[in-house]
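This report introduces the pockets, one buried charged residue and the aromatic pairs of the structure shown below.

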Amino acid sequence: ALFWNLMEMFLLCFDVVAIPLSVFELPENQVFNTMKYLSLVFWTTDIALSCFKGYVTKGGEVEMRLCEVIKHYLRSRVAYDLVLVG
């Protein structure tokens, strides 16, 4: 979990810089292209894995039942995640 969180932070920082730069016609760079591809694969994978991450209910309890977690994710964040990755 720590590795995944560190990757999220690193790629979020990369995206904060890379997305605005994509407006400009910069010369092709293999490292930059690789990072963009890695970012896309990571965030797409994160969408799938989010279906398996528990959440805290309004009552303060941790919900880990797969069916409930998937329903919660589909009702709360999936549209936002798909728009951002798409």
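Helices are DSSP runs of H or I with at least four residues, and they are numbered from the N terminus. The model described here is predicted.

**Pockets**

Rolling a probe the size of a water molecule over the atoms shows where empty space is left. The largest pocket has a volume of about 510 Å³. Its lining is made up of 18 residues, and D15, S39, W43, L84 and V85 are those nearest the centre. Helices α1 (2-21), α2 (30-50) and α4 (78-85) each contribute at least two residues to this lining, and α2 provides the largest share, with seven residues.

The second largest pocket encloses about 180 Å³. Among the residues lining the second largest pocket are A18, L21, F24, P27, F32 and K36. Helices α1 and α2 each supply at least two residues of that lining; α2 gives the most, namely three residues. The linings of both pockets are divided by residue class in the table.

| Pocket | Nonpolar residues | Polar residues | Charged residues |
|---|---|---|---|
| Largest pocket | 11 | two | five |
| Second largest pocket | six | three | two |

**D46 in helix α2**

Residue D46 belongs to helix α2. The relative accessible area of D46 is 6%, and D46 therefore counts as buried, the limit being under 20%. Leaving aside residues up to four places away in sequence, D46 touches W4, E8 and K53. With K53 there is a polar contact between the two side chains, at 3.1 Å. The C-alpha atom of D46 lies 18 Å from that of T34, a residue 12 positions away along the chain.

**Aromatic pairs**

A pair of aromatic rings is described by the distance of the centres and the angle of the planes. The structure contains three aromatic pairs. In one of them, the ring centres of F14 and F32 are 5.6 Å apart and the planes meet at 55°, so this pair is tilted. The pair connects distant parts of the chain, since F14 lies in helix α1 and F32 in helix α2, 18 residues apart. F14 is buried, at 15% relative accessible area, whereas F32 is partly exposed, at 24% relative accessibility.

F42 and W43 form an edge-to-face pair, with 4.9 Å between the centres and 80° between the planes. F42 counts as buried at 5% relative accessibility, and W43 counts as buried at 19%. Together with W4, the residues F42 and W43 make up one aromatic cluster. W4 is also one of the residues touched by D46, while W43 is among the residues nearest the centre of the largest pocket.

Key: Residues numbered from 1 in each chain as written. Predicted model: local features only at pLDDT ≥ 70, side-chain atom pairs only at ≥ 80, totals over all residues. Heavy atoms only, no water. 1 Å grid on protein atoms, 1.4 Å probe; cavity = no way out; pocket = protein on both sides within 12 Å on 5 of 7 lines; lining within 4 Å. Points joined across faces, edges and corners; volume = space filled by probe spheres on them. Nonpolar A, V, L, I, M, F, W, Y, C, P; charged D, E, K, R; others polar. Buried < 20%, exposed > 50% of the residue type's maximum accessible area, 1.4 Å probe, protein only. Contact = heavy atoms within 4.5 Å. Polar contact = N/O pair within 3.5 Å; in protein donor to acceptor, adjacent residues only side chain to side chain. Phe/Tyr/Trp six-rings, centres within 6.5 Å; stacked < 30°, edge-to-face > 60°.
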